[in-house]
Amino acid sequence: MLELDGLKSSVPVEHLCVGGWVAPIGMRLKINFDAAFNKHKKESCSGLVIRNNKAQIIVSKIVMNSNIPSAFAAEAVACLQALQLGLYLGLRKVEIEGDSRTVIRKLQVEYEDRSEIAVFINDFKKLSLGFQTCVFLFTNKDVNKVAHLIASEGIRMRESTYLVNQVFSVTAEMVAEDQRKTESMRELRSRRVGDEEKNVCLNLSVEDLSGRRV
């Protein structure tokens, strides 16, 4: 009965936040992309943002595109422009992240693609060889919201824009929130590593004391 009663008590557990934007690993830079599409004018706008492992903005960019046949093609163009931006800046290790499941999945497999964006997919794979490391990641729309807001703002203004170490005003609050979450996660990991090192030292001390003779 005491054991059953114990199940009712809440035990505090420390969780890492995995529901939001996740900073890239090590020295990699993450390029998030998204597209807004105007089917009546056959126009699309690519929203691109590059951030480091501290969630700091390296580059944010709006690119207007014409003669785009579908929303599917608009996502493919945005991904292509994300790769081109990384190569233009001379980046060596990148993570390309978007919320187009189909595009990302096609880039993660080895077999030849035969869909309407097959030409794009082949170009993506060739361009990715220009990096030392290039990883394609799928995420949901909520996590990719910074790139989405940039694309939405761009198609509203219908103007291409390039910013270095700056963020578009519509995304400022969200970028700041991502930076706070990233810093919190870094501090949490640092504390955990510190606690593990203390435990190792304590165990070694106990073993040393237990091996002594009185």
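Glu97 is buried in this predicted model, its relative accessible area being 6%, and its side chain meets that of Lys30 in a salt bridge with an N to O distance of 3.2 Å. This pairing links distant parts of the chain, since Lys30 belongs to strand 1 and Glu97 to strand 4, 67 residues apart. Lys30 itself counts as buried, because its relative accessibility is 2%, a value under the 20% limit that defines the buried class. The side chain of Lys30 also meets that of Glu95 in a salt bridge, here with an N to O distance of 3.8 Å. Glu95 lies in strand 4, which covers residues 93-98, and Lys30 in strand 1, so this second pair ties together parts that are 65 residues apart in sequence. Glu95, too, is buried, with a relative accessible area of 3%. When Arg28 is added to Lys30, Glu95 and Glu97, the four residues form a network linked by salt bridges. As a general matter, side chains of opposite charge can pair when their charged atoms come close.

The structure holds eight salt bridges, and one of them has a more local setting. Glu153 forms a salt bridge with Arg156, the closest N and O atoms being 2.6 Å apart. Both residues lie in helix 5, which spans residues 145-157, and they are separated by three residues, or about one turn of the helix. Their surroundings can be described separately: Glu153 counts as buried at 17% relative accessibility, whereas Arg156 is exposed, with a relative accessible area of 58%.

These elements belong to a secondary structure that comes to six helices and six strands. Followed along the sequence, the protein shows the pattern α-β-β-β-α-β-α-α-β-α-β-α. The protein has 214 residues, and buried residues make up 37% of them.

The packing of the helices can be followed from helix 2 through helix 3 to helix 4. Helix 2, made of residues 71-88, packs against helix 3 at an angle of about 55°, with the two axes 9 Å apart. Helix 2 and helix 3 are therefore oblique to each other, since the angle falls outside the ranges under 35 degrees, over 145 degrees and from 65 to 115 degrees that carry other labels. The crossing of helix 2 and helix 3 is right-handed. Helix 3, residues 101-108, in turn packs against helix 4, residues 118-128, at an angle of about 55°, and their axes are 10 Å apart. That angle makes helix 3 oblique to helix 4, and the crossing in which helix 3 passes helix 4 is right-handed.

Two residues draw attention through their backbone. In general, most residues other than glycine have a negative phi. Ala55, however, has a positive phi, near 70°, and is found in the loop between strand 2, residues 43-51, and strand 3, residues 57-65. With a relative accessibility of 0%, Ala55 counts as buried. Asn165 likewise has a positive phi, near 55°, and is found in the loop between strand 6 and helix 6. In terms of accessibility, Asn165 is exposed, its relative accessible area being 53%.

The loop between strand 6 and helix 6, the latter covering residues 172-211, also contains Val170. Val170 is partly exposed, with a relative accessible area of 37%, and its C-alpha atom is separated by 7.5 Å from that of Ile150, although the two residues are 20 residues apart along the chain. Another such approach involves Ala23, which is found in the loop between helix 1, residues 2-8, and strand 1, residues 29-38. Ala23 counts as partly exposed at 22% relative accessibility. The C-alpha atoms of Ala23 and Asn52 are 6.8 Å apart in space, while the residues are 29 residues apart in sequence.

The surface, finally, carries a nonpolar patch formed by Tyr88, Leu89, Tyr162 and Val164, which together have about 410 Å² of accessible area. One of these residues, Tyr162, is found in strand 6, residues 161-164. Tyr162 counts as partly exposed because its relative accessibility is 35%, a value that also meets the requirement of over 30% relative accessible area for residues of a patch.

Technical notes:
Residues are numbered from 1 along each chain as its sequence is written. This is a predicted model: local features need pLDDT of at least 70, side-chain atom pairs count only at pLDDT 80 or more; totals for chains, interfaces and linings use all residues. Side-chain values use heavy atoms; hydrogens and water are left out. Patches are made of residues with over 30% relative accessible area and no salt bridge: like charges are joined within 9 Å, nonpolar side chains (Val, Leu, Ile, Met, Phe, Trp, Tyr) within 5 Å. Accessible areas come from the Shrake-Rupley method with a 1.4 Å probe; for residues, only the protein chains shown count as cover. Helices (H or I, at least four residues) and strands (E, at least two) are DSSP runs, numbered from the N terminus. Buried means under 20% relative accessible area, exposed over 50%, partly exposed in between (1.4 Å probe, protein chains only). Axes are lines fitted to C-alpha atoms, for helices over the stretch in contact, and angles run from 0 to 180 degrees between N-to-C directions. A crossing is left-handed if the near helix is turned anticlockwise from the far one by less than a right angle, and right-handed if clockwise.
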